[in-house]
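Colleague: Please take a close look at chain A of this model for a first-year student. Other parts can come in where they help.

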Amino acid sequence: MDLVFTEKEQAFRHQVRQFLRDNVSPQVQRKMIEGRHVSKEEMVTWWRILNKKGWNVSPWPKEYGGTGWSSVQHYIFREELQMYPAPTPLAFGVGMVGPVIYTFGNEAQKQYYLPRIANVDDWWCQGFSEPGAGSDLASLTTKAERRGDKWIINGQKTWTTLAQHADMIFCLCRTDSSAKKQMGISFIVFCLDSKGVTVRPIQTIDGGHEVNEVFFDDVEVSYENLIGEENKGWDYAKFLLGNERTGIARVGVSKERIRRIRELAATFESGGRPMIEDPMFREKLAISEIELKALELTQLRIVADEGKYGKGKSNPASSMLKIKGSQSQQTATELLMEMIGPFAAPYNEHPDSPDEAMDWIVQMAPSYFNNRKVSIYGGSDEIQRNIIAKAVLGL
Amino acid sequence: MDFNLSEEQRLLKESVDGLLTDVYAFDQRKKYLKEKGGWSRVVWSRFAQQGLLGLPFAEADGGFGGGGVETMILMEAFGRALVVEPYLATVVIGGGFLRHGGSNVQKAAHLPGIIDGSKTFGFAQLEKNSRYDLNDVTTFAKKSGDGWVIDGEKFVVLNGENADTLIVTVRTKGAQRDSSGIAVLLVPADARGISKKSYLTQDGLHAADVSFTSVEVARAAAIGDPENALPLVERVADDARAALCAEAVGLMDESLKATVDYMKTRKQFGVPIGSFQSLQHRAADMFVVLEQARSMSMYATMAADIDNAAERAKAVAAAKVQIGRSGKFIGQQSIQLHGGIGMTMAAKIGHYFKRLTMIEHTFGDADYHLRRVSETGVLA
């Protein structure tokens, strides 16, 4: 047992860090530190730099452009991106649909989609949740009817993250209404500019536009856009969500926020002294650091065990990473809010505008409000507890 | 980064688990509690035979050269079985002082007795007003001719009733809370001027309040620098905290297992209570805080070997915070989920809860260590 990174792992960390220093635009870094909006162009430009280096789809198998890194290296890479901070690769493409395609897709699909995902030629979004299918995802009703060599798709998706940027959507659609609800679902991908697709923004409580409603009205999609087998979509969705879970603690994001809290707390005053000298504030910060350290080690333990669960199967204990990771992210934004005190009040009506003059403080309350989402999306805290109770404890 | 046990460590774990399965069933433990001093000489000699009492000592000193991980393995197993023998007081703390600060003469005089199981130790540190501060010492040792004369009172000395040797923190100079001017003395428990008041502790151990009235010991009784032994005390206390963290993880792990088993078998409203979602979520929360605690126990174990005192202290303190908070939640909820049965002395679950609670009250509770972490800043 040894809880320090080996020299080789350290050297890898330095290599990643140096690459970030040399290649991330300082403007993007500053925007991320201050919680400002990073534009689509800025993200895509950065991901293409990563792709040129061979790192945008790092977790994929080597034959599809992956790196063949160890699980610890993947962890380090992600943590360095989060702490620098720089945008992490687009989850919907790299973490979600990519692995489904290379695991269940046919040769033509692999050859066409995988390089495009790697180079972000297509921006992907996720068509899972529906107004009536949140935690109970399998009750989805968006329908895909087979008509000759086409699917005709009707229905509605919601909470579709960054659909306003997206070129492609991967969708869970009901293809057999007579089957038990998990059994009649298929995994279909298509262009968002297809006729009959309407994307409508949802404004969230932070004032921002991150998520959307997406409507399908007789959308015609080629039959070939089915991934894997008909009516097996639920299995692919479970595979996809399992893949997602190990990175979901976002320890690096919380580390960066805590670093920033420490930095700011040295200058922000309260009662005639810096916030960091306020015992109550300091103790709250200390407890969140301790929790985060515990989470980091727990994540590394689970990462180290990954091999044991077989391809595409994740350790059900990783559900706790989602719960504690959400808590860490939320607590950090809460502490930032607490620190700025009465200056939390001013609201910027155009949070997505790249207004450089805007004081970063104005982003703190929206960031706090926005981060309430993390314990809701990707399987809410309550769903994660269900998973632990059933799959870990056998209840 | 490596979370695996080595082959030797795995074998150690197997052999300890095997031994405790043989000799430490809950009913056997009840018998040990009734023996003189409240623990079993037979079990203790089995520990000696298996080399557990010599585990952390250098091979040159007759030990097995084990490190923090070996102690962690042992303490976790002891937690699972609710072991009451004085391993912490004797091997971790008594042995710790000798390992980290003892002269060759002191080691030669005391280690063989620890290792072969013939001698046990007690650590006389707590005072009326010291609470968890190790620097707060009023028991005074005055230089007198060729030795020291000790006067003062110490409280809740674990294994104090049975110990052959007491390790006593004393002030040799300065004021009550000064960091300098503290010595650590080896004192034979039967020295003239010592009087003891023994009692049971909440978790079934035995402790004593010990008063020293003009107790004379030799000059050579001091371990380390008699005017500046606080760093040594802190080092050994950190070893003890790390060991307690591991013991607590064993306790929490068993508590959760027992609770989940109970939830599967106990029926109400015609179904196992484990089918109720509110209880399932509680158990899931217990699992989450257990895993957080397990990670921090490992962190403390690795940190206890760090020589930089400030870094070591901060990491161990952080672990003790996590253990305290997790232990309280798991302990309390284990009782709650067991319902009335959990309230009875006859059921095992309450004994886990009580031991966890006493660990929280030993060498600093969660709030005490949280304050320390918050004062020293960033965790490495």
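Modeller: What follows goes through chain A part by part and ends with chain B.

The model is predicted. A good place to start is helix α2 of chain A, which spans residues 26–33. Its buried residues are A:V28, A:K31 and A:M32. These residues lie on the same side of α2(A), because they cover an arc of only 95 degrees around the axis. The general rule behind this is that an α-helix has 3.6 residues a turn, so residues three or four places apart point the same way. What do the buried residues of α2(A) pack against? Their partner is α3 of chain A, residues 40–53. After α2(A) comes A:G35, and the phi of A:G35 is positive, near 75 degrees.

Further along, the loop between α4 (71–83) and α5 (91–104) of chain A holds A:P85. The peptide bond that joins A:Y84 and A:P85 is cis, with omega about -15 degrees.

Next comes strand β1 of chain A, residues 124–127. A:W124 and A:Q126 point one way from this strand, while A:C125 and A:G127 point the other way. Are these residues buried or exposed? All of them are buried. β1(A) is joined by four bridges to strand β4 of chain A, residues 168–174, and the two run parallel. Opposite A:W124, in β4(A), stands A:M168.

The loop between β3 (150–161) and β4 of chain A contains A:L162. A:L162 has a positive phi, near 55 degrees, and is a residue other than glycine. A:L162 counts as partly exposed because it has 18 C-beta neighbours inside 10 Å, and a residue needs 20 or more to be buried.

A UniProt record, an unreviewed entry, places "domain: Acyl-CoA oxidase/dehydrogenase middle" at residues 125–219 of chain A. In the model this span is 55% strand and 0% helix. The C-alpha atoms at its two ends lie 17 Å apart.

Chain A also touches chain B. The contact involves 34 residues of chain A and 32 residues of chain B. On the side of chain A that touches chain B, the elements giving two or more residues are α9 (279–304), α10 (319–340) and α12 (381–392) of chain A. The largest share of that side, 16 residues, is from α9(A). By type, the residues of that side of chain A are 21 nonpolar, eleven charged and two polar.

That leaves chain B itself. Chain B has eleven helices and nine strands. Its radius of gyration is 21 Å, close to the 21 Å that the globule rule gives for 380 residues, so chain B is as compact as a globular protein of that length. Of those 380 residues, 53% count as buried. Among contacts in chain B between residues at least 6 apart in sequence, 73% are between residues at least 24 apart.

For chain B, UniProt has the annotation "domain: Acyl-CoA dehydrogenase/oxidase C-terminal", again from an unreviewed entry, over residues 237–375. That span is 78% helix and 3% strand, and its end C-alpha atoms lie 19 Å apart.

One residue of chain B deserves a final mention. B:R131 sits in the loop between β1 (121–124) and β2 (140–144) of chain B. B:R131 is not a glycine, yet its phi is positive, about 50 degrees. B:R131 is exposed, as 11 other C-beta atoms lie within 10 Å.

Notes:
Residues numbered from 1 in each chain as written. Chains lettered and ligands numbered in written order. Predicted model: local features only at pLDDT ≥ 70, side-chain atom pairs only at ≥ 80, totals over all residues. UniProt positions renumbered as here; feature names shortened; annotations may be inferred. Contact = placed C-beta atoms within 7 Å. Nonpolar A, V, L, I, M, F, W, Y, C, P; charged D, E, K, R; others polar. Buried ≥ 20, exposed ≤ 12 C-beta atoms within 10 Å, placed from the backbone. Arc of directions from axis to C-beta. Pairing = 2+ DSSP bridges. Rg over C-alpha atoms; globule rule 2.2 N^0.38 Å.
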